[in-house]
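Let's take a look at how strands sit side by side in this protein. Have the sequence and the 3D view ready as you read.

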Amino acid sequence: MEKFQYMDQSIVGSELAQRFEDLAVLYADVFADPPWNEFTRSVGCNSLFGRETQLGDICPNCGDLLTEAFRVDEVIRDTKAELANPDAVLVTREEEGKLIGFAWGYSCSPAQLLDKKYQSAEMKSKLLSLFSNEGVGDSFFYFSEIGVSPLFRNRGLSNEMSSELVNQAATLGKRLIMRTNFQSPMVRVAQRFEMRQIMGPSLAGTINFMDTENADRVLFVK
């Protein structure tokens, strides 16, 4: 397993460019599968569909063409933007020179995260209050993304890569926040690392409220 900090420039030039391209391709492959089913996207209404659709199909919601859910150039751009945040760490796993897993996280404030991840004033207000009630301060470590190639799942790679991000948060002395789908394997990973659910469909105990922008989302804190 390899961990590197993007802004350290420890890997540069064409090698770095190729790694980000490989990551973007794997990212799209990972999130095309259940429970996300983000394989195609409608140009007109931005709806997402699973692998039962094909590029060029007609969107049943708006009638526009379906294109790829995640374009390589867009994923690279967004990933680099996240890795430019303070304390950013990207963890990768390879098998015979092929990228098979990734995970990254970074430090940010509650306001920064909510401005990026949420649209409605209602959810932003609720989550600001929730973070405050949970004792989350001006800066925490956000467990942003993780993915494992479908051919290499059920081998403990998610636990291995997650441990690097959990340790990064602990080293920084910051709270750790994770947001995922309630049907995602990452729920079990969060529970393994003793993260506590504070939002979304009830998995154990009393949950504060549902995400009104996406009812499948859950939020964990450590």
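## Strands and their partners

Three strands make up an open sheet, lined up in the order 3-2-4 with antiparallel pairing. Strand 3 (48-49) and strand 4 (66-68) are the edge strands with a single partner strand each, so each has one side left without a neighbour in the sheet. Keep in mind that this is a predicted model.

Let's zoom in on one of those pairings. Strand 2 (residues 40-42) and strand 3 run antiparallel and are joined by two bridges. If you want a spot to find on screen, look for T40, which stands opposite F49 in strand 3.

Now jump along the chain to strand 10 (residues 217-221). Is strand 10 largely enclosed or not, and why? Five of its five residues are buried, so the rest of the structure largely encloses strand 10. Its residues point two ways: R217, L219 and V221 go one way, while V218 and F220 go the other, and all of them are buried.

Which strands pair with strand 10? Here they are, side by side:

| Strand | Bridges to strand 10 | Direction |
|---|---|---|
| Strand 8 (residues 176-181) | five bridges | antiparallel |
| Strand 9 (residues 196-199) | three bridges | antiparallel |

F220 is a handy residue to track here. In strand 10, F220 has M178 standing opposite, and Q197 stands opposite F220 too. So, which way does F220 point compared with R217, L219 and V221? F220 points the other way, together with V218.

Technical notes:
Residues are numbered from 1 along each chain as its sequence is written. This is a predicted model: local features need pLDDT of at least 70, side-chain atom pairs count only at pLDDT 80 or more; totals for chains, interfaces and linings use all residues. Side-chain values use heavy atoms; hydrogens and water are left out. Two strands pair if DSSP finds at least two bridges between them. Helices (H or I, at least four residues) and strands (E, at least two) are DSSP runs, numbered from the N terminus. Buried means under 20% relative accessible area, exposed over 50%, partly exposed in between (1.4 Å probe, protein chains only).
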